[in-house]
Amino acid sequence: ASQGGSQAAAGAADVICIDFSGLPSTLRKLASNSKDYDRQNSALEEQIQKLEMDIDKLAPNLKAMQRLADVEEKFDDTTKEFEDCREAQKKAQLEFETVADKRNQKFMDTFDLIAGEIDHVYKVLTKSDDAPAGGTAYISLDNPLEPYNGGIKYNAMPPTKRFMKMEVLS
């Protein structure tokens, strides 16, 4: 028990010594003048507060990483939606072209059928004793590239007459 008591007495006898040699000489002299000490202490406390505010301003925005993750997720969603729309557009374009090709083919099949028969029908209609062969007729397209968007020209040459456009015939 006496050994523990002697250690406590020895600890109390130890004196804490602070080394102020690293301080500027103006701060070391303040200990003797309390007025200067109070003024300098206030200035140092203001400087500490200013530095703490600067540190707070420099502190990283902890929500920035979450915001970045949210923006990246939204970007990924938007990119996926864009790609889905692009695929849908390609599919719709292909379907449109298929329908346009079918429409063009059906139109041309019907046109070719009529074009093949119109001369024969016109000859039968215009056959007479004076013109046993009858007249000549044919049809043509105004717009061969998109025949369903243009008109069809009907050309006829009555028997014993020279060729004239249909608009000038009476």
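At 22% relative accessibility, aspartate 119 falls in the partly exposed class, and in this predicted model the residue takes part in a salt bridge with lysine 123, whose closest N and O atoms are 3.7 Å apart. The partner, lysine 123, is likewise assigned as partly exposed, because its relative accessible area is 27%. Lysine 123 and aspartate 119 are both located in helix 4, and since they are 4 residues apart in that helix, about one helical turn separates them. In general terms, side chains of opposite charge can pair when their charged atoms come close.

The overall architecture of the chain comprises 4 helices and 2 strands, and these elements follow the order α-α-α-α-β-β when read from the N terminus. Of the 170 residues in the chain, 9% are buried. The exposed surface of the chain amounts to about 14,800 Å², of which carbon and sulfur atoms supply 57%. Among the contacts with a separation of 6 or more, 31% involve residues that are 24 or more positions apart.

In total, 3 salt bridges were counted in the model. Another of these, in addition to the pair described above, joins the side chains of aspartate 84 and lysine 80, with an N to O distance of 3.2 Å. These two residues also belong to helix 4, where aspartate 84 and lysine 80 are 4 residues apart and therefore separated by about one helical turn. Their accessibility was assigned separately: aspartate 84 is partly exposed because its relative accessible area is 42%, whereas lysine 80, at 54% relative accessibility, counts as exposed.

A further salt bridge is formed between lysine 153 and aspartate 142, for which the closest N and O atoms are 3.8 Å apart. This pair links distant parts of the chain, with lysine 153 placed in strand 2 (residues 152-157) and aspartate 142 in the loop between strand 1 (136-141) and strand 2, the two being 11 residues apart. Lysine 153 has a relative accessible area of 47% and is therefore assigned as partly exposed; aspartate 142 is also partly exposed, because its relative accessibility is 42%.

Strand 2 also contains asparagine 155, a residue that is classed as buried because its relative accessible area of 10% is below the 20% cut-off. When neighbours within four places in sequence are left aside, asparagine 155 is in contact with Thr136, Ala137, Tyr138, Ser140 and Phe163.

Threonine 126, which lies in helix 4, is a second example of a residue assigned to the buried class, so placed because its relative accessibility is 17%. Not counting residues up to four places away in sequence, threonine 126 touches Ala131, Gly134, Gly135 and Pro159. Glycine 135 is also related in space to valine 121: the two residues are separated by 14 positions in sequence, and their C-alpha atoms are 9.7 Å apart. Valine 121 is likewise placed in helix 4, and its relative accessibility of 42% is the reason why it counts as partly exposed.

Two surface patches were also considered, one of them charged and the other nonpolar. The negative patch is formed by Asp70, Glu72, Glu73, Asp76, Asp77 and Glu81. Within this group, aspartate 77 is found in helix 4, which spans residues 64-126, and this residue counts as partly exposed because its relative accessibility is 47%.

The nonpolar patch on the surface consists of Ile16, Ile18, Phe20 and Leu23, which together present about 440 Å² of accessible area. One of its members, isoleucine 16, is located in the loop between helix 1 (2-13) and helix 2 (25-28). Isoleucine 16 is assigned to the exposed class because its relative accessibility is 76%.

How values were computed
Residues numbered from 1 in each chain as written. Predicted model: local features only at pLDDT ≥ 70, side-chain atom pairs only at ≥ 80, totals over all residues. Heavy atoms only, no water. Patch = residues over 30% accessible without salt bridge, like charges linked within 9 Å, V, L, I, M, F, W, Y side chains within 5 Å. Areas by Shrake-Rupley, 256 points an atom, 1.4 Å probe, with all protein chains shown as cover. Salt bridge = Lys/Arg side-chain N within 4 Å of Asp/Glu carboxyl O. Lys, Arg positive; Asp, Glu negative; His and termini not counted. Charge placed at Lys NZ, Arg CZ, Asp CG, Glu CD. Buried < 20%, exposed > 50% of the residue type's maximum accessible area, 1.4 Å probe, protein only. Contact = heavy atoms within 4.5 Å.
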